[in-house]
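Please look over the model shown here before reading on. The briefing below takes up one helix and two helix pairs.

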Amino acid sequence: MRKRKKNLRVYLVGCLFVVATVTLWVRLVQVQVFGRSAYAEAARRQGEVKRNVPPSRGGIFDRNGRPLALSIRSCSISIHPRDVKNRSEVASVLSRHLNLSSSVIRKKLRSTSSFVWVKRQCSLSEKQRKEIRALAGVDVRWEADRVYPYGRTANKIVGFIGHDNTGMAGIEAAFDKELAGAMGWEVVQIDGAYRSRGYQTYAQQKPRDGKHVVLTIDVRLQELTEHELERTVKATNAKSGGLIVMHCETGDILALAEFPSAASRAPGSLADSMWTIRSISWIYEPGSTFKLITAGALLETKKVRSFDVFDAENGRAVIGRATISDSHPHGHLTFREGFVFSSNIVMAKASLNLSAREFFEFVRLFGFGARTGVRLLGESPGRVAPVEQWSRRTQITMAFGQEIAVTPLQMINAFAAVANEGVLMTPRIVKSVVDENTGRIDEFEPVRVRRVISKDTSRRLRDFCRSVVEEGTGTKAEVSFVAVSGKTGTAEKATRNGYLRDKFIASFIGFAPHEDPKIVCLIMLDEPDYYYRFGGVSAAPLFARVNEAIAYSSSFYDGVLTHDVIEDARLAPGPFKAPNFLRLDRARAMERARKLGLNVLCKGEEGEVVSQDPDPGVAMNSDDVIRLYLNGRVSKPSGARTPDLRGLPMRLAKRRAVEAGFRCDIVGTGFVASQRPEPGKTSKNGVVRVYCNDKARNDG
C-alpha cells in the first residue's frame, strides 16, 4: 500500500513535470515562432528611436552668384524634466556649453512639461555634443539653420524662414517647395533612460537637399540703392520710400529697395507689416508719371501731334464737370511742351481726342489692372474701373494720373516698355532654379508680353522724357556723363473720402542712356515734407545719384558714357578732354593709350580701371600723364594698414585705396563718411568698404 502511494506521487510529479515542460515549449514556440515579429517590434521600439533628419535648404543667390541665404546644420538642445537624474550637473554642463545662466536652465528643469527646449540652432563641437548626450534626460538633435551673409540687405526680397524650416516671406515663401527639399530619417540606439550615448545609427535615409534659387538682383546695386533711399527718406522726412531698378530689355529687377524695412528675421516678426513688399502690393494714384501712358495713346493713334497747340488757361480750367489746375501757370503750349512742363490742363484736353473705350484699352494694354506676373507673393492687380463705371470726369482726370490705382512695379514696367522700343516684358525676379542633386538647371527666360506702341512712338516719347530732364520739371535728374530721360510725378494722396490736404506722393521714373536705354529706375516718396512734394525736387536728385553709382560700379553703361566716344587715332597737340578708361583691363587700357599717343601710368598690376586722374572729360594736354588705378592684385607689404579715406570724394578714395594696396568697395555717393576696417587697421581680404554721403565733406 505504502509502495503504491509512493509510485502515485512519483507519477503525479512526473505528470506535472511533463505538463510544465510542454507548457514551456508551447510558450516558447508561441514567442519564438508565432509571436516573433510582435516581440521583435516591441524590443526595437524600446531600444531604438526613429528621428527625422532635415534636409539642407537650398541657397538663394544674386545674379553674380553672391550668396544671400545659405543653410548650415546646427544643434538644438532639449530636456525631459522627469527623466533628469542630477539637476545640478545638467544645469552646470548646459550653462557652460550653451552660454546660458544656470538660473535659466534650472527654471526649465522645474517645468511640469514632459519636453522643454533649452536652446535651438546653436554651434557645438563633437566633444561638447558627446558630453551633453551623456546627461540623463537631455537630448541633442540636428536641425537646419539659415544664415544671411549680407544681413538686412535685400531682406524683403529674400524673406526668412520659421523654426519648422518653412518660408515665411519673400523668395523663401514664394519658392518654399523648391528650396525645402525632402526630409530624411535615421534609426538611433537608446538605452533604458532614452539616452543615445553613442549616437549609433542602424539605418537611415539621407535627406534630399533643396534646390538653389538664383535671382536677377545685383546685391551690390541693392545695397547701394538701400543706402541712398534711406538717406533721401530721412532728408525729406518722408513717411516711406521705394526704389526699383529694372533692365529694360529683359525685365530683370536689378534692385528693389524699400524704407523703412523689417528689423528682424525672427519667426515672430511675420506679423510685422514691414515684411510686405509695397512695390508690388501697395496701390496709389501715380499722378503726372501716368502722363506717359496718355501721351503714348494719343501719339500712337495719331489723334494728337507733338506740335498741336492747347490753351493751358494760365493754370486753371473748367473741363466738363472737372476743375483742373496746374502747379505752374502757362498760356498756350504745344502738346510736347504740355508734357515737358507737366501741364494737367493740356493732358486733360488732349485726352478728349480719344474715346473712353480707346483710352481704357490703351491703359489695359500697358498692363494696368492686371498682375505683372512677377514671381513674388502678394502682388496686387491695381484698380482700373470698367468704362461702364466711368463718370463724366474720369477720362479727364485719368489723363494726369487720378481715378486710377497702380502699383510701383506696374508703373516702372510701363516705362520699361517705352524704353524697350514699345515691347512690354514680364518683370523677372528669378533667373533660374538649380538642382545640385541632379545638375538640372531650370531657366526662367525673359517673357515678351506684347507690343504696346510702335518703335516710332517709343522714340518720340523718349525724346519727350529727355526734354523733361533738359528743360522741364526733371532737371535735377541730369547726369554729366550720360544722357538720361524721365518724368516727374507729384500726386495728391487719395483716400476713400477724397484727397488728403498737404499729403503728396513724389516720384520720378527715368531711363538711361537716352539713345539706347539699358536701365529704368523708379523712385517714390510717400508724404515727404511740403517743400519736397514735387518729384523733380526730391526724387529726381536721387535718380541722378543712383545712375552715377551704376556707371562707376557696374558694366551696364559700358560703351555709352559720353566721354567714351573717342577716335582710335593719335590726338592732335594742344588741349583736349581726357578719354574714359574706366573698367578697361590693363592690357586694353595700355593699347588705347598707345593708339592715342598718351602717357599712362598704371597703379596696380591687374584688374579693371576703377579710377583715373584726370577724370574723363577733364581738360588736359597731350604731354600730360594719365594715372590709372586698377582694382586687382597690387604689391604691398604684408600687414599693410588701411589708409584714412574719410572726407574724401568717392573717386579720390578709390585712388588712395589702390595706392595703399587695397581694393575699394563703395556704398553710396558723394564723400566718404565712414570706412570698414577703420583707418590703421588691417584688412584680411584686402578690401576697404567705404560709406559715402553728400554731408561727409563738411563733417570731415
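**Helix H17 and its surroundings**

In H17, the buried residues (under 20% relative accessible area with a 1.4 Å probe, protein chains only) are Thr457, Ser458, Leu461, Arg462, Phe464, Cys465, Arg466, Ser467, Val468 and Val469. This is a predicted model, in which local features need pLDDT of at least 70 and side-chain atom pairs count only at pLDDT 80 or more, while totals for chains, interfaces and linings use all residues. Residues are numbered from 1 along each chain as its sequence is written, and side-chain values use heavy atoms, with hydrogens and water left out.

- Helix H17 (residues 455-471) has 17 residues and reaches 24 Å from its first C-alpha to its last, close to the 24 Å expected at 1.5 Å a residue.
- The cover over the buried residues of H17 includes H11, helix H12 (335-340), helix H16 (408-419), strand S19 (485-495) and strand S20 (498-512), where contact means heavy atoms within 4.5 Å.

**H11 with H13**

- Helix H11 (residues 291-300) packs with helix H13 (residues 344-351) at an angle of about 35°, and their axes are 10 Å apart.
- Lys291, Thr294, Ala295 and Leu298 of H11 make this contact with Asn344, Met347, Ala350 and Ser351 of H13.

**H3 with H4**

- Helix H3 (residues 87-98) and helix H4 (residues 102-109) pack at an angle of about 135°, with their axes 9 Å apart.
- That angle makes H3 oblique to H4, because angles under 35 degrees count as roughly parallel, over 145 as roughly antiparallel, 65 to 115 as roughly perpendicular and the rest as oblique.
- From H3, Arg87, Ser88, Val90, Ala91, Leu94 and Ser95 meet Ser102, Ile105, Arg106 and Leu109 in H4.

Notes. Axes are lines fitted to C-alpha atoms, for helices over the stretch in contact, and angles run from 0 to 180 degrees between N-to-C directions. Helices (H or I, at least four residues) and strands (E, at least two) are DSSP runs, numbered from the N terminus. The expected span of a helix is 1.5 Å times one less than its number of residues. Buried means under 20% relative accessible area, exposed over 50%, partly exposed in between (1.4 Å probe, protein chains only).
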